[in-house]
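This report goes through one protein model, from its annotated sites to its core. Please keep the sequence and the structure open while reading.

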Amino acid sequence: MNTPNVQPKAAWLKKVKWDEHGLVPVIAQEAGSNDVLMFAWMNREALAKTVELGEAVYWSRSRKKLWHKGEESGHVQKVLEVRLDCDEDVLLLKIEQAGGIACHTGRHSCFFQKFEGDAQEGDWQNTEPVLKDPSDIYKAGK
């Protein structure tokens, strides 16, 4: 997955306001439902690769490498649009989610925990079912 050095230096990449680590936050939103499926990070190479492939490629901060969404699980994100916010420091991907599962927990969205109650006695409640057992997802992708 080596990208020529020319591509990450493309002029359009310079418009993005990268943080001190060379990263930008990215929101993945499902095109049909408008559900926010996940939040991740990209560096210049990840964004260039995303545009080149038409599939989401993120920067994994924990693994310190590019992460082609779905490379293990098969739950690839087809990118329909890439948008830059008004401050030019957040990206929004309008995507089609393969398999309907974006979260590594086997759920449709990473945002499945909803706060219910008050500040004193409230707690986080799971609001979405597990669609597929994560052990089956990641065993299948290897």
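Two residues are in contact when they have heavy atoms within 4.5 Å of each other. This is a predicted model, in which local features need pLDDT of at least 70 and side-chain atom pairs count only at pLDDT 80 or more, while totals for chains, interfaces and linings use all residues. Residues are numbered from 1 along each chain as its sequence is written, and side-chain values use heavy atoms, with hydrogens and water left out.

**Confidence**

The predictor's confidence in each residue is given as pLDDT, from 0 to 100. The protein chain has a mean pLDDT of 92, and 91% of its residues reach 70 or more. Over residues 1-6 pLDDT stays under 50, and the model has 9 contacts beyond four places in sequence for this stretch.

**Annotated sites**

UniProt positions are in the numbering used here, with feature names shortened, and an annotation may be inferred rather than shown by experiment. An unreviewed UniProt entry lists Asp85, Asp87 and Asp89 under "binding site". The unreviewed entry also gives "binding site" for Cys86, Cys103 and Cys110. These cysteines are spread over 25 residues of sequence and also in space, with up to 27.5 Å between C-alpha atoms. Cys103 and Cys110 are among the residues that line the largest pocket. On a 1 Å grid over the protein atoms alone, a pocket is an open set of points with protein on both sides within 12 Å along at least five of seven lines, and a lining residue has an atom within 4 Å of a point.

Where do Asp87 and Asp89 sit? Asp87 is in the loop between strand 5 (77-84) and strand 6 (91-97), and Asp89 is in the loop between strand 5 and strand 6. Cys86 is placed in the loop between strand 5 and strand 6 as well, whereas Cys103 lies in the loop between strand 6 and strand 7 (113-116). Strands (E, at least two residues) and helices (H or I, at least four) are DSSP runs, numbered from the N terminus.

The table gives the accessibility of several residues. A residue is buried under 20% relative accessible area, exposed over 50%, and partly exposed in between (1.4 Å probe, protein chains only).

| Residue | Relative accessible area | Class |
|---|---|---|
| Cys86 | 74% | exposed |
| Asp87 | 44% | partly exposed |
| Asp89 | 32% | partly exposed |
| His108 | 15% | buried |
| Gln29 | 12% | buried |
| Cys103 | 4% | buried |

Apart from neighbours within four places in sequence, Asp89 has contacts with Lys17, Val24, Pro25 and Leu84. With the same kind of neighbours left out, Cys103 touches His108, Ser109, Cys110 and Phe112.

**Two buried polar residues**

His108 is in the loop between strand 6 and strand 7. Its side chain makes a polar contact of 3.2 Å with that of Asp35. A polar contact is a pair of N or O atoms within 3.5 Å; within protein, one must be able to donate a hydrogen and the other to accept it, and residues adjacent in sequence count only if both atoms are side-chain atoms. Beyond four places in sequence, the contacts of His108 include Glu30, Leu37, Cys103 and Leu131.

Gln29 belongs to strand 1 (residues 24-30). Its side chain is joined to that of Lys94 by a polar contact of 3.2 Å. Its contacts outside the four nearest places in sequence are Asn34, Asp35, Val36, Leu92, Leu93, Lys94 and Ile95.

**The core and helix 2**

A nonpolar core is a set of buried Ala, Val, Leu, Ile, Met, Phe, Trp, Tyr and Cys residues joined through side-chain atoms within 4.5 Å. The largest such core has 24 residues, of which Val24, Val26, Met42, Leu47, Tyr58 and Leu93 touch the most other members. At least two core residues come from each of strand 1, strand 2 (36-42), helix 2 (44-53), strand 3 (57-60), strand 4 (65-68) and strand 6. Strand 2 supplies the largest share, 4 residues. In soluble globular proteins, nonpolar side chains tend to be buried together.

At the start of helix 2, a side-chain oxygen of Asn43 comes within 3.2 Å of the backbone nitrogen of Glu45. Ala46, Leu47, Ala48, Lys49 and Thr50 are buried in helix 2. The buried residues of this helix pack against helix 1 (11-14), strand 2, strand 3, strand 4, strand 5 and strand 6. Leu47 has contacts, beyond four places in sequence, that include Trp12, Met42 and Val82. After helix 2 comes Gly54, with a positive phi near 75°.

Conventions. On a 1 Å grid over the protein atoms alone, a cavity is a set of points where a 1.4 Å probe fits but cannot get out, and a pocket is an open set with protein on both sides within 12 Å along at least five of seven lines; lining residues have an atom within 4 Å of a point.
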